[in-house]
Amino acid sequence: WNKSINICEGAFDAITIGENSIPIFGKFLPKKLKMKIRKEKVDRVNIILDNDARKEALELCEYLMAENIDVRMIEIPEGSDPNDMGSKKIKNLIDRI
């Protein structure tokens, strides 16, 4: 919890993204995970959801910012997901932000 964490949709996305990736198995952050992020005062949270979950990603960003957490929304190219892109490309997107 002392490094940035990556929130993504599925297990394969988490594997592709790599270290400190947490799949939420959908579009919404579970309540227990929200509480854990707040409690641990995570340095930074990267939100890496597919384009069809853009609205939910923005809502999650707003929630985390209201909790004074540094949050970044990583925008995935239209029609892709992190697993399709591969680890090198997704890590480049994360590093640019």
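On a 1 Å grid over the protein atoms alone, a pocket is an open set of points with protein on both sides within 12 Å along at least five of seven lines, a cavity is a set where a 1.4 Å probe fits but cannot get out, and lining residues have an atom within 4 Å of a point. The model is predicted, so local features need pLDDT of at least 70 and side-chain atom pairs pLDDT 80 or more, while totals for chains, interfaces and linings use all residues. Residues are numbered from 1 along each chain as its sequence is written, and side-chain values use heavy atoms, with hydrogens and water left out.

**Exercise 1.** State the volume of the largest pocket and describe its lining.

Solution.
1. The volume is about 220 Å³, taken as the space filled by probe spheres set on grid points that are joined across faces, edges and corners.
2. The lining includes Lys-3, Asn-6, Glu-19, Arg-44, Asn-46 and Lys-91.
3. By class, the lining has two nonpolar, five polar and five charged residues. Ala, Val, Leu, Ile, Met, Phe, Trp, Tyr, Cys and Pro count as nonpolar, Asp, Glu, Lys and Arg as charged, and the others, Gly among them, as polar.
4. Helix H5 (87-96) and strand E3 each supply at least two lining residues; H5 gives the most, with three. Helices (H or I, at least four residues) and strands (E, at least two) are DSSP runs, numbered from the N terminus.

**Exercise 2.** Work out the strand order of the sheet and place helix H3 against it.

Solution.
1. Four strands form an open sheet in the order E2-E1-E3-E4, paired in parallel; pairing requires at least two DSSP bridges between two strands.
2. E2 (21-23) and E4 (70-73) have a single partner strand each, so one side of each lacks a neighbour in the sheet.
3. From one strand to the next, the twist averages 25 degrees.
4. E3 (residues 44-48) joins E4 through four bridges, and Asn-46 has Arg-72 as its bridge partner in E4.
5. H3 (residues 54-66) packs on the sheet, touching E1 (5-8), E3 and E4, and its direction makes about 165 degrees with that of E4. Axes are lines fitted to C-alpha atoms, for helices over the stretch in contact, with angles from 0 to 180 degrees between N-to-C directions; contact means heavy atoms within 4.5 Å.

**Exercise 3.** Locate Arg-54 relative to the largest cavity.

Solution.
1. The structure holds one cavity of 30 Å³ or more, with a volume of about 60 Å³.
2. Arg-54 is among the residues lining this cavity, as are Met-73 and Glu-75.
3. Not counting residues up to four places away in sequence, Arg-54 touches Met-73 and Glu-75.
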